[in-house]
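Hi there,

Here is the structure I promised to pass along. Please have a look at it first, and then read on for my notes on what turned up.

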Amino acid sequence: ETIVLFVNLFERPYLLEAEPDLFYITDHYRDWPSVLLRLRAATEPRLREAVVESWRFRAPPKLVAAYDAAAD
């Protein structure tokens, strides 16, 4: 029902405020660079975007560059 995604702690409040039906956190994740996403509330494009952004947050720069180059 829920997926944990990595996010920048400075951007997390904006996600929570902009899409409260989609994103939330629990006390367990309060101090971690992450957010919870309600799968039932996500459209396929929004879920894909959130997963890719989470991956980009943790992936090595060379891998992100290769991904971006392949998308062009």
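**How helix 2 meets helix 3**

The axes of helix 2 (residues 44-58) and helix 3 (residues 61-71) approach to within 8 Å and cross at roughly 140°. Angles over 145 degrees would count as roughly antiparallel, so at its own angle helix 2 is oblique to helix 3. The crossing of helix 2 past helix 3 is left-handed. On the helix 2 side, the contact is made by Val52, Trp55 and Arg56, while helix 3 brings Leu63, Val64, Tyr67 and Asp68. Sorted by character, the residues of this contact are five nonpolar and two charged, with no polar ones.

Ala59 sits in the loop between helix 2 and helix 3. With a relative accessibility of 13%, Ala59 counts as buried, because the cut-off for that is under 20%. The C-alpha atoms of Ala59 and Leu36 are 19 Å apart, with the two positions 23 residues apart along the chain.

**The overall picture**

Before you go further, please keep in mind that this is a predicted model. The protein has three helices and three strands, and from the N terminus on they follow the order β-α-β-β-α-α. Along the principal axes, the C-alpha atoms fill a box of roughly 35 × 25 × 20 Å. Of the 72 residues in the protein, 22% are buried. Among contacts with a separation of 6 or more, 45% join residues 24 or more positions apart.

**The core, and Leu5 in it**

Which residues make up the largest nonpolar core? There are nine in all: Leu5, Val7, Leu22, Phe23, Ile25, Val35, Leu37, Ala42 and Ala50.

Leu5 is a good place to start exploring. Setting aside neighbours within four places in sequence, Leu5 is in contact with Phe23, Pro33, Ser34, Val35, Leu37, Ala50, Val51 and Ser54. Among these partners, Phe23, Val35, Leu37 and Ala50 are also members of the core.

Ser54, another partner of Leu5, has its place in helix 2. Is Ser54 buried or exposed? At 8% relative accessibility, Ser54 counts as buried. Leaving out neighbours within four places in sequence, its contacts are with Leu5 and Phe6.

**Val7, Phe6 and Phe57**

These three residues are worth viewing together.

Val7, a member of the core, is found in the loop between strand 1 (2-6) and helix 1 (12-18). Its relative accessibility is 10%, so Val7 counts as buried. Apart from neighbours within four places in sequence, Val7 is in contact with Arg12, Leu15, Pro33, Ser34, Val35 and Phe57. Val7 and Pro33 are 26 residues apart along the chain, yet their C-alpha atoms are separated by 5.3 Å.

Phe6 lies in strand 1. At 37% relative accessibility, Phe6 counts as partly exposed. Not counting residues up to four places away in sequence, Phe6 touches Pro33, Ser34, Ser54, Phe57 and Arg58. Phe6 and Val35 are 29 residues apart in sequence, and their C-alpha atoms are 6.5 Å apart.

Phe57 lies in helix 2. Its relative accessibility is 37%, so Phe57 counts as partly exposed. Where does Phe57 make its contacts, once neighbours within four places in sequence are left aside? The partners are Phe6, Val7, Asn8 and Pro33. From Phe57 to Phe6, the C-alpha distance is 6.6 Å, although the two are 51 residues apart in sequence.

Pro33 is a handy residue to click on as well: Val7 contacts Pro33, Phe6 touches Pro33, and Phe57 is in contact with Pro33. Leu5 also has Pro33 on its contact list.

Happy browsing, and do write back with any questions.

Best wishes

Notes
Residues numbered from 1 in each chain as written. Predicted model: local features only at pLDDT ≥ 70, side-chain atom pairs only at ≥ 80, totals over all residues. Heavy atoms only, no water. Axes fitted to C-alpha atoms, helices over the stretch in contact; angles between N-to-C directions. Helix = DSSP H or I, 4+ residues; strand = E, 2+ residues; numbered from the N terminus. Parallel < 35°, antiparallel > 145°, perpendicular 65-115°, else oblique. Left-handed = near helix turned anticlockwise from the far one by under 90°. Contact = heavy atoms within 4.5 Å. Nonpolar A, V, L, I, M, F, W, Y, C, P; charged D, E, K, R; others polar. Core = buried A, V, L, I, M, F, W, Y, C linked by side-chain atoms within 4.5 Å. Buried < 20%, exposed > 50% of the residue type's maximum accessible area, 1.4 Å probe, protein only.
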